[in-house]
Structure formats: structure tokens, C-alpha cells
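Visitor: I'd like a close look at one part of this fold rather than a full tour. Could you pick up one residue with me and work outward from there?

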Amino acid sequence: MLALESSLACCCVIDLIISLEQDGYIKGFMGFYLKEGEPYLRSAYGILICYWNGTVHYALYLMMITAISLGWTYRSVGLYWVGSILMSLVTLLVGTVIGKYGTEIRPAILLNIPYMLIPIWAGKKIYGIPRALPKVTADQVAAEQRKWLYRRPLDVCFVIYLLFAAAYTLFRGFIALECRFDTCVTYAYDQEPYLLDPVMYPKIQMLVNMFYLLPFFGLALYGLFQPGCEWMPDLTMVFAGAIAQ
């Protein structure tokens, strides 16, 4: 894992150079590659994904490299990274194939295949790392889990947030599906016109959110009403990374 994270960290520097060159901070490094290799990275979404990979993912790689070197656990950081990189790649690749840049696909797009396979393999390895045990007794945990929801104010806040997030995600998903209700059309044109962009990245992002994040919101609500679900922390870290990107 150390060699893998080190190699991916080096690739992050390339993505940061791409984004900086597209914004005019540097020049003469990646122009030819963007023209002949991956022209879709010149889109607004492509530039921001390169920024995200060159900053946030780079920081996550450094954190994991440090943890591995010092013998610390990196389970939470690793799961967060898995969710983030998979979400970004699914949106980027699907949007490229079916959107505006579908006619400009070059063989260089195949370079993204390892980026899809490596996180799946790494995620399995990271999931196998033992969880860090909380510094509380089993009796304290059991007592907290026996409380009704209204006696857990933080959980109540999460329930309210998840209900709002689920409704908002569903609403934006309907807009991406070109719902013709007046409310959807008005919102799309007045608030988020990029959802109508022919590059398709925003639309694909909304559809991925609706079909994958929405079920998670339902599972998270179940976990809050029925505390003690062991899968809740791991799944939350994966989807936290997905939502953040």
C-alpha cells in the first residue's frame, strides 16, 4: 500500500499542473496532452476535478503514507478517499462518453481504468484493517443506544439534515431527468442553469447522487433510529468522501 499511495501522490502533481495551466498560472507543460490526449479535462468540471485530485486527494495520500510509515491506522482516511475518487471518476467518465466530449474521446481515456480498479482493490484492503476501538465501556455504549431518539439531540439534528438532503437530492435528480414541472424548470433556469449544460457532467452528478446517495440517506436514517449498526461508520466515511467531491 505504501508504494501504491506514493505512486498515486505523484499522479496528483500532474493533475495539479493541468489545472494550474488551464487557469493560466503556468504554461507550456500539458497543452499538447490536453489537446491530443484528454481534451475533456479542459472543461470546467475537468479542471475542478484536477484541482480536487491535486489538493485534497494529494493531502489524503500524504496522510495515508505518514500513517503507514508510523504504524498508525488509516482506515477512516482510506475509506473517505475511496468514496471521493470513485464518485469523481464515475461522473467524469460517464459524462465524457455521453456528453459534449463524446466525439473527442482518445485512447488516453483508457488511462483512467486503473483509477477505477485500484480504489476497489484498495478499499477491500482498507476495509480489512481492524477498527480503532472507542475509549468507552460496553455498558456506556449500551446505555447510549437504549435512549430514545428525542434524548439524542445530535442525532435529531442529523435526522433533520438527512431528510432535507434526501428531498433536495431527489428534486435535483428530477431536474436532471428534465422534469417539466414549472417548479423544476424555473429552478433550473434561475438557480442552477449549469444542470442544463450539454457537457453532461452536472446532470450525471445529480443522477449519481439520486441513485446512490439517496439510498444511503435512507440507510443512515435507519441507523439513527436503530443505533448499533456496525456498518454505519464505514459506510458514512465512504459516502462522506463521495459527497465532498
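In which helix does Asp155 lie?

Guide: Asp155 lies in helix H7, and that helix takes in residues 153–176. Bear in mind that we're looking at a predicted model, so every value here is computed from predicted coordinates.

Let's stay with Asp155 for a bit. Its relative accessibility is 18%, and because the cut-off for buried is under 20%, Asp155 counts as buried. Its side chain meets the side chain of Arg152 in a salt bridge, at 2.4 Å from N to O. Arg152 is buried as well. If you set aside the neighbours within four places in sequence, Asp155 is in contact with Leu149 and Leu224. Leu224 belongs to the stretch 201–225, which is helix H9, so keep H9 in mind as we go on.

On the chemistry of such pairs, one general remark will do: side chains of opposite charge can pair when their charged atoms come close. The structure holds 4 salt bridges, and the Arg152 and Asp155 pair is one of them.

Now follow H7 along to Arg172. The side chain of Arg172 meets that of Glu192 in another salt bridge, this one at 2.6 Å, N to O. Arg172 lies in H7, while Glu192 sits in the loop between helix H8 (182–190) and helix H9 (201–225), so this pair ties together parts that are 20 residues apart in sequence. Both partners are buried: Arg172 has a relative accessible area of 16%, and Glu192 has 5%.

Past H7 you come to Glu178, which lies in the loop between H7 and H8. The backbone is worth a check here, as phi of Glu178 is near 65 degrees, a positive value in a residue other than glycine. The side chain of Glu178 has a partner too: it meets Lys203 in a salt bridge at 3.1 Å, N to O. That pair links distant parts of the chain, with Glu178 in the H7–H8 loop and Lys203 in helix H9, 25 residues apart. Lys203 is buried, with a relative accessible area of 10%.

There's another positive phi to look at while you're in this region. Met200 has phi near 80 degrees, and again the residue is not glycine. Met200 is found in the loop between H8 and H9, and with a relative accessible area of 17% it is buried.

So far the residues have been buried ones, so let's turn to some with more open surroundings. Tyr25 has its place in the loop between helix H1 (2–22) and helix H2 (31–36). Its relative accessible area is 62%, and Tyr25 is therefore exposed. Apart from neighbours within four places in sequence, Tyr25 is in contact with Leu20 and Tyr51. For a sense of separation, its C-alpha atom is 36 Å from that of Tyr212, a residue 187 places away along the chain.

Val94 is another one to pick out on the surface. You'll find Val94 in helix H4, which covers residues 75–98, and at 36% relative accessibility Val94 counts as partly exposed. Together with Val97, Ile98 and Ile105, Val94 forms a nonpolar surface patch, and the four have about 310 Å² of accessible area together.

Finally, zoom out to see where all this sits. The protein chain has 10 helices and 0 strands, so if you read along the sequence, you get α-α-α-α-α-α-α-α-α-α. Its C-alpha atoms fill a box of roughly 65 × 55 × 30 Å, taken along the principal axes. Of the 245 residues, 42% count as buried. Among contacts between residues at least 6 apart in sequence, 72% join residues at least 24 apart. The exposed area of the chain is about 14,100 Å², and carbon and sulfur atoms supply 69% of that. As for charges, the chain has 17 positive and 17 negative ones, and their mean positions are 6 Å apart.

Terms used: Residues are numbered from 1 along each chain as its sequence is written. This is a predicted model: local features need pLDDT of at least 70, side-chain atom pairs count only at pLDDT 80 or more; totals for chains, interfaces and linings use all residues. Side-chain values use heavy atoms; hydrogens and water are left out. Patches are made of residues with over 30% relative accessible area and no salt bridge: like charges are joined within 9 Å, nonpolar side chains (Val, Leu, Ile, Met, Phe, Trp, Tyr) within 5 Å. Accessible areas come from the Shrake-Rupley method with a 1.4 Å probe; for residues, only the protein chains shown count as cover. Helices (H or I, at least four residues) and strands (E, at least two) are DSSP runs, numbered from the N terminus. Buried means under 20% relative accessible area, exposed over 50%, partly exposed in between (1.4 Å probe, protein chains only). Contact means heavy atoms within 4.5 Å. Lys and Arg count as positive and Asp and Glu as negative; His and the chain ends are not counted. The place of a charge is taken as NZ of Lys, CZ of Arg, CG of Asp or CD of Glu.
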